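Dear colleague,

I am handing over the structure below, and would be grateful if you could keep it open while you read the notes that follow.

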Amino acid sequence: MITYTKEELMEIINDHQKWLAGTGGNRADLSGANLSDADLKWADLRRADLRCADLSGADLGGADLRCANVS
């Protein structure tokens, strides 16, 4: 399982925002990530790859997970 620092996670999410806006960036690939207890409030994770990610205890209040792969 991959663990990211808070800074690395924010960089991935910011890069994902650029990808969603069509201004470069990359789709967030958080598959297999240890996101337990992560602060993902209001994160726009539409279409992100969250397969097999551990989201136990993560704060997803207001997060947008539409079309995210959470299988």
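In this predicted model, the sulfur of C67 has its closest cysteine sulfur in C52, and because the two are 19 Å apart, they are too far from each other for a bond. The view from the other end agrees, since for the sulfur of C52 the closest cysteine sulfur is that of C67, again at 19 Å. A disulfide would need the two sulfur atoms to lie within 2.5 Å, and by this rule the count for the model comes to zero. As for their surroundings, C67 is exposed, with a relative accessibility of 68%, and C52 also counts as exposed, at a relative accessible area of 60%.

C67 also leads to the next residue I looked at, D49, which comes 18 residues away along the chain, with 9.3 Å between the two C-alpha atoms. D49 sits in the segment that follows β2, the strand made of residues 33-34. Is D49 buried or exposed? With a relative accessibility of 8%, D49 counts as buried. Its neighbours, once residues up to four places away in sequence are set aside, are R27, A28, D29, L30, S31 and N69, and D49 touches each of these. In addition, the side chain of D49 makes a polar contact of 2.7 Å with the side chain of R51.

The remaining notes concern helix α1, which runs over residues 6-21 and therefore has 16 residues; from its first C-alpha to its last it reaches 23 Å, close to the 22 Å that would be expected at 1.5 Å a residue. Which residues of α1 are buried? They are L9, I13 and H16, and these three lie on the same side of α1, because they cover an arc of only 55° around the axis. This spacing fits a general rule: an α-helix has 3.6 residues a turn, so residues three or four places apart point the same way. On the other side of α1, by contrast, E7, E11 and A21 are exposed. After the helix comes G22, whose phi is positive, near 75°.

If you go through the model in this order, you may find it convenient to begin with the two cysteines, C52 and C67, both of which are exposed, then to turn to the buried D49, and to finish with the two sides of α1.

With best wishes

Terms used. Residues numbered from 1 in each chain as written. Predicted model: local features only at pLDDT ≥ 70, side-chain atom pairs only at ≥ 80, totals over all residues. Heavy atoms only, no water. Helix = DSSP H or I, 4+ residues; strand = E, 2+ residues; numbered from the N terminus. Buried < 20%, exposed > 50% of the residue type's maximum accessible area, 1.4 Å probe, protein only. Arc of directions from axis to C-beta. Polar contact = N/O pair within 3.5 Å; in protein donor to acceptor, adjacent residues only side chain to side chain. Contact = heavy atoms within 4.5 Å.
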